[in-house]
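Q: I'm new to this structure and would love a close look at one part of it, with some sense of how that part sits in the whole. Could you walk me through it in a friendly way?

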Amino acid sequence: MINKDRFLEIAIAKFTRFGCKRFTLDDLAHELGISKKTIYETFDTKEAIVNDSLDFLLKKTELEIVAITAKKEANPILSIIEIYRIGFLFVKNISPAYINGLKKYYPKSNTLYSDFKVRFTHKYIKELLVKAQKSNLIQARINIDLTCNLYFGNLENLSSRSSNLFETYTVDEILEHFVIIHLKGIVTEDYLKAHKS
């Protein structure tokens, strides 16, 4: 069998593109040039592959996010924008069929994905918003929890709408309208003056 990380990387790429129900283990074995029996030497079930491959993708994405948030000197507003860029690239490559398949057939994986979305908004983004507010970059009157719930918790909806926004607009256009404009509405006047763009 090929390297396990490489296997999971290929599996998640195919599942997120075609859907975890539609892309079969026979398809995966064919793609990798191995037998299905070889796959079952490492994984007991398809569910284990779906779960492990999603976990692999989420951990990789989370490492990128942590690297951004770990930069102590970094501007928290710009860090939020950069994290959302990563998030948009993540969501852009996930088909609605994959998300629907997780919800319908793979509850353990769906929970893993749901937990990640909560961490994305209510840990990483919220911590940066709080840091920005404490640094007087965001207006004191802004309710950070409400802001997270209203504006920054809907990442998945961008690709699950009937017409996928990523097919119509660039990541930069979506970033501008979905994140940057909202941030400009809550930052302080001093921040806006210092960071005109």
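Is asparagine 136 buried or exposed? Please start there, and then take me on to the rest.

A: Happy to. Please keep in mind that this is a predicted model.

Asparagine 136 is exposed, because its relative accessible area is 56%, and exposed means over 50%. You will find asparagine 136 in the loop that runs between α7 (107–134) and α8 (144–151). Its backbone deserves a glance too. Most residues other than glycine have a negative phi. Asparagine 136 is not a glycine, yet it has a positive phi of about 60°.

Who keeps asparagine 136 company? One partner is threonine 188, which, leaving aside its neighbours within four places in sequence, is in contact with Asn136, Leu137, Ile138 and Gln139. Threonine 188 itself sits in a loop, the one between α11 (171–186) and α12 (189–194). Unlike the exposed asparagine 136, threonine 188 counts as buried, since its relative accessible area is 16% and the cut-off for buried is under 20%.

Now follow the chain from the loop of asparagine 136 into α8. Leucine 146 belongs to that helix. With a relative accessible area of 45%, leucine 146 is partly exposed. It also gives a feel for distance: the C-alpha atoms of leucine 146 and phenylalanine 7 are 40 Å apart, with their positions 139 residues apart along the chain.

To place this in the whole, step back for a moment. The protein has 12 helices and zero strands, so reading along the sequence gives the pattern α-α-α-α-α-α-α-α-α-α-α-α. Its C-alpha atoms fill a box of roughly 65 × 35 × 25 Å, taken along the principal axes. Of the 197 residues, 45% are buried. Among contacts between residues at least 6 apart in sequence, 74% join residues at least 24 apart.

Phenylalanine 7 leads us to helix α1, where it is one of the residues that meet α4. Two packed helices are described by the angle between their axes and the distance between the axes. Here α1 (residues 4–18) and α4 (residues 46–69) pack at an angle of about 95°, with their axes 8 Å apart. That makes α1 roughly perpendicular to α4. On the α1 side, the residues in this contact include Phe7, Leu8, Ala11, Ile12 and Phe15, while those on the α4 side include Ile49, Val50, Ser53, Leu54 and Leu57. Sorted by class, the residues of this contact are 10 nonpolar, two polar and six charged.

Two residues of α1 are worth a visit. Alanine 11 lies in this helix and counts as buried, at 0% relative accessibility. Leaving aside its neighbours within four places in sequence, alanine 11 is in contact with Leu28, Ile49 and Ser53; of these, Ile49 and Ser53 are among the α4 residues named above. By contrast with those contacts, alanine 11 and lysine 72 are 35 Å apart in space, C-alpha to C-alpha, and 61 residues apart in sequence.

Lysine 14 is also in helix α1. It is buried, with a relative accessible area of 17%. Setting aside neighbours within four places in sequence, lysine 14 is in contact with Gly19, Phe23 and Glu31.

The helices also share a pocket. Rolling a probe the size of a water molecule over the atoms shows where empty space is left. The largest pocket holds about 340 Å³ of space. It is lined by 14 residues, and those closest to its centre are Leu57, Lys60, Thr61, Phe90 and Asn93. Helices α1, α4 and α5 (76–92) each supply at least two residues of the lining, and α4 gives the largest share, five residues. By class, the lining has eight nonpolar, three polar and three charged residues. Leu57 and Lys60 also appear in the contact of α4 with α1.

One last stop is tyrosine 105, found in helix α6 (residues 96–105). Tyrosine 105 is partly exposed, with a relative accessible area of 37%. Although tyrosine 105 and glutamate 47 are 58 residues apart along the chain, their C-alpha atoms are separated by 8.7 Å.

Key:
Residues numbered from 1 in each chain as written. Predicted model: local features only at pLDDT ≥ 70, side-chain atom pairs only at ≥ 80, totals over all residues. Heavy atoms only, no water. Axes fitted to C-alpha atoms, helices over the stretch in contact; angles between N-to-C directions. Helix = DSSP H or I, 4+ residues; strand = E, 2+ residues; numbered from the N terminus. Parallel < 35°, antiparallel > 145°, perpendicular 65-115°, else oblique. Contact = heavy atoms within 4.5 Å. Nonpolar A, V, L, I, M, F, W, Y, C, P; charged D, E, K, R; others polar. 1 Å grid on protein atoms, 1.4 Å probe; cavity = no way out; pocket = protein on both sides within 12 Å on 5 of 7 lines; lining within 4 Å. Points joined across faces, edges and corners; volume = space filled by probe spheres on them. Buried < 20%, exposed > 50% of the residue type's maximum accessible area, 1.4 Å probe, protein only.
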